[in-house]
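Colleague: Before I use this model at the bench, I would like to know how the words in its description are earned. Could you set each value against its rule?

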Amino acid sequence: MKYCTHCGAQLPDDAQFCPGCGKAAGDGTSPTPARKIPLPALLAILAVALVAGVVFALTRGGSSREAPGAPQSGESAATVTATASPAPTETPTASPAPTETPQPVQDDGSWLVTAAEPWKGAWCTEDGAELMIFESWNMNASQLPETNEDGSITIYCTDVRGGTPTETYLFSAAQTTLTHLDYTGKTLDTYRRPTYDMAPTPLPSSDWGAYTMVEGDASAYNPYGPSVDFIVDAFRFGICPYQRLSDNGDGTMSIYCPSGPEGFFTVFSFSTEGEDTYLTIYDADGNLRYRYLRTAA
C-alpha cells in the first residue's frame with residue numbers, strides 16, 4: 001500500500017499523482033508522515049499543556065516543603081530516622097512543694113526520748129494551757145503499745161494492781177499528736193509537742209540528758225522518777241514538769257514541781273568530774289538524797 005509523501009493520502013499502487021493534493025506521488029516507500037494538525041486543534045493542545053504545567057509546578061512546589069523528618073532527595077528513610085530531632089518532651093506541671101515531714105523528736109534532742117518509745121516526753125494541750133510529761137511510769141498504770149497499720153501507735157494503760165484498763169492514748173504516725181481516750185474510746189483531749197518558748201524557766205541545754213541513779217535508795221518513793229531513764233530537758237525534771245527555776249548562789253538551783261496535789265520544791269546541782277556529768281538532788285536539810293550520772297546527752 002502506498003501513501004502520498006506530501007499529504008499522506010492513500011494511493012493506488014499504480015498512481016503517478018496524488019488524487020488528494022495533485023502532486024507527484026513519488027515511490028511511496030517512506031514511513032507514514034505525521035498528519036498536519038489544524039491550527040485550532042494545535043492551540044487547544046498547547047493550552048491544555050500550559051495548564052498542566054502550571055498545576056504540576058504548583059504541586060511540586062508544595063511537596064518540596066517537606067515536614068521535618070521527611071526524607072529529602074537522595075536521603076534514605078533510615079538516615080532521616082537517625083537524624084530526626086526527638087519529639088519535644090511535654091513540660092511537667094510543677095507540683096506543689098511537699099509539706100515538710102515532721103522529724104522524729106529524738107533526732108534533734110529536744111525531748112530526749114528513745115527511738116523505741118517516741119511517745120514519751122513533754123506534751124501540751126492544743127491551747128498550750130496544760131503541760132503533761134508522758135512516761136511509762138505514770139501513776140500506777142502499765143502501758144502496752146500496739147503499732148497500727150497506718151504507723152500510729154495505740155498505748156493501752158492498765159492498772160497494775162487490778163489489771164483493769166484505765167485509759168488509752170493514740171500516738172499519731174507523724175509523731176505530732178497524742179490523743180487521750182477513755183476506756184470506751186471517747187476522745188478526752190489532744191496534745192502536741194510544746195515549743196521551747198513555752199518553757200517557763202528552762203534549764204541550761206548543756207545539762208539536758210538522760211541520767212541513771214548511782215547513789216540513793218532506789219526502792220524508796222521517788223517523786224522525780226525511777227532510778228533509770230531520769231531525763232532533764234526544757235520541760236521536765238525526771239517525770240515532773242517544773243517551773244520557777246532559780247539560782248541559789250551557792251552552786252545549787254531550785255525548781256518548783258507542780259506534780260501532786262500541792263507540788264513541791266526541789267534543790268539540786270550539776271557538777272562535772274572529768275568527762276562525767278552528775279546531777280545531785282538534796283533533801284530539805286541539804287543532804288544528798290539522790291545522785292545521777294548522765295549517760296546520754
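**Values and their rules**

Colleague: Why is Glu146 called partly exposed?

Modeller: Glu146 has a relative accessible area of 43%, and the rule calls a residue buried under 20%, exposed over 50% and partly exposed in between, with a 1.4 Å probe and protein chains only, so Glu146 belongs to the group in between. Please keep in mind that this is a predicted model, in which local features need pLDDT of at least 70 and side-chain atom pairs count only at pLDDT 80 or more, whereas totals for chains, interfaces and linings use all residues. Residues are numbered from 1 along each chain as its sequence is written, and side-chain values use heavy atoms, with hydrogens and water left out.

Colleague: Where does Glu146 sit, and which residues does it contact beyond its neighbours in sequence?

Modeller: Glu146 is part of strand β5, residues 141–147, where a strand is a DSSP run of E with at least two residues, a helix is a run of H or I with at least four, and both are numbered from the N terminus. Apart from neighbours within four places in sequence, Glu146 is in contact (heavy atoms within 4.5 Å) with Ser152, Ile153, Thr154 and Tyr156. Tyr156 is ten residues away along the chain, and its C-alpha atom is 7.9 Å from that of Glu146.

Colleague: Thr154 is on that list; what makes it buried?

Modeller: The relative accessible area of Thr154 is 10%, and Thr154 therefore counts as buried. Thr154 lies in strand β6, residues 153–159, and its side chain is joined to that of Asn148 by a contact of 3.0 Å. That contact is called polar because N or O atoms within 3.5 Å qualify, provided that, within protein, one can donate a hydrogen and the other accept it, and that residues adjacent in sequence are counted only through side-chain atoms on both sides.

Colleague: How do you know that Phe134 and Tyr169 form a tilted aromatic pair?

Modeller: The structure holds 13 aromatic pairs, and in this one the ring centres of Phe134 and Tyr169 are 4.5 Å apart with 55° between the planes. Rings of Phe, Tyr and Trp (its six-membered ring) pair if their centres lie within 6.5 Å, and planes under 30 degrees apart count as stacked, over 60 as edge-to-face and the rest as tilted, so tilted is the word that applies. Phe134 in strand β4 and Tyr169 in strand β7 are 35 residues apart, and both are buried.

Colleague: What makes Tyr211 and Phe270 a pair of the tilted kind?

Modeller: Their centres are 6.3 Å apart and their planes meet at 45°, so both values satisfy the rule for a tilted pair. Tyr211 is in strand β10 and Phe270 in strand β16, 59 residues apart. Both residues also belong to one aromatic cluster, whose members include Tyr290 and Tyr292.

Colleague: Is Tyr290 buried or exposed?

Modeller: Tyr290 has a relative accessibility of 2%, so it counts as buried. It lies in strand β18, residues 288–296, and touches, among others, Met213, Glu215 and Tyr221.

Colleague: Why is the contact between Arg291 and Glu215 called a salt bridge?

Modeller: The closest N and O atoms of Arg291 and Glu215 are 3.3 Å apart, and the rule asks for a side-chain nitrogen of Lys or Arg within 4 Å of a carboxyl oxygen of Asp or Glu, so the pair qualifies. The two residues are 76 apart in sequence, Arg291 in strand β18 and Glu215 in strand β10. Arg291 also forms a salt bridge with Glu273 at 2.7 Å; because Glu273 lies in strand β16, this pair ties together parts that are 18 residues apart in sequence. Glu215, Glu273 and Arg291 are thus linked in a network of salt bridges.

Colleague: How do you know that the charge of Arg291 sits over a ring?

Modeller: The charged end of Arg291 is 4.1 Å from the ring centre of Tyr278, and the rule requires NZ of Lys or CZ of Arg within 6 Å of the centre and within 35 degrees of the ring normal. Arg244 likewise lies over the face of Tyr256, at 4.3 Å from the ring centre.
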